[in-house]
Amino acid sequence: KDLDKRYEVMRKTVEYAIDKCEIEVSNLIEEYNESLPEDSDYTEVDTVDLSSKFSELNDYVEDYS
């Protein structure tokens with residue numbers, strides 16, 4: 001039972017860290033995109049698939065345990 005509890009704590013901590021990182025990455029990209037001038041040669045960073053990448057990371061612990 002102690003190992004089950006430790007596993008659950010680890011899993012929740014990893015999930016929290018990944019969720020926090022996703023928010024920070026999304027905010028950084030949004031800030032960058034908003035800072036681009038209208039007539040800029042730079043293109044915005046697309047976030048259309050960003051969430052799925054973090055979902056894959058969240059699934060990692062379950063998939064490899």
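**Briefing: salt bridges and burial in a two-helix model**

At 21% relative accessibility, arginine 11 counts as partly exposed, and this residue is a useful place to start because its side chain meets that of glutamate 8 in a salt bridge, with 2.4 Å from N to O. The model is a predicted one, and the protein in it has two helices and zero strands. Its radius of gyration is 17 Å, well over the 11 Å that the globule rule gives for 65 residues, so the protein is more spread out than a compact globule.

**Overall form and surface**

- Taken along the principal axes, the box filled by the C-alpha atoms of the protein is roughly 60 × 15 × 10 Å.
- Of the 65 residues of the protein, 12% count as buried, and the accessible surface comes to about 5,800 Å², with 53% of that surface belonging to carbon and sulfur atoms.
- When contacts between residues at least 6 apart in sequence are considered, 63% of them join residues that are at least 24 apart.

**Charge and the salt bridges**

- The protein carries 7 positive and 20 negative side chains, and the centres of these two sets lie 19 Å apart.
- Side chains of opposite charge can pair when their charged atoms come close.
- The structure holds four salt bridges, and Glu8, Arg11, Glu15 and Glu62 are linked in a network of such bridges.

**Arginine 11 and its partners in helix H1**

- Arginine 11 and glutamate 8 are three residues apart in helix H1, and are therefore separated by about one helical turn; glutamate 8 is partly exposed, with a relative accessible area of 29%.
- The side chain of arginine 11 also meets that of glutamate 15 in a salt bridge, at 3.1 Å from N to O.
- Arginine 11 and glutamate 15 both lie in helix H1, where a separation of four residues amounts to about one turn of the helix.
- Glutamate 15 has a relative accessibility of 33%, and so counts as partly exposed.

**Lysine 53 and aspartate 49**

- Lysine 53 forms a salt bridge with aspartate 49, and the closest N and O atoms of this pair are 3.4 Å apart.
- Lysine 53 counts as partly exposed because its relative accessibility is 44%, and aspartate 49, at 38% relative accessibility, likewise counts as partly exposed.

**Buried polar and charged residues in helix H1**

- Glutamate 22 lies in helix H1, and this residue is buried yet has no salt bridge, the nearest side chain of opposite charge being that of lysine 53, 12 Å away.
- The separation of 12 Å between glutamate 22 and lysine 53 can be set against the cut-off for a salt bridge, which requires a side-chain nitrogen of Lys or Arg within 4 Å of a carboxyl oxygen of Asp or Glu.
- Leaving aside neighbours within four places in sequence, glutamate 22 is in contact with Ser51 and Phe54.
- Asparagine 33 has its place in helix H1, which covers residues 2-35, and at 12% relative accessibility asparagine 33 counts as buried, because buried means under 20% relative accessible area.
- With neighbours within four places in sequence again left aside, asparagine 33 is in contact with Glu44 and Val45.

Technical notes:
Residues numbered from 1 in each chain as written. Predicted model: local features only at pLDDT ≥ 70, side-chain atom pairs only at ≥ 80, totals over all residues. Heavy atoms only, no water. Rg over C-alpha atoms; globule rule 2.2 N^0.38 Å. Buried < 20%, exposed > 50% of the residue type's maximum accessible area, 1.4 Å probe, protein only. Contact = heavy atoms within 4.5 Å. Areas by Shrake-Rupley, 256 points an atom, 1.4 Å probe, with all protein chains shown as cover. Lys, Arg positive; Asp, Glu negative; His and termini not counted. Charge placed at Lys NZ, Arg CZ, Asp CG, Glu CD.
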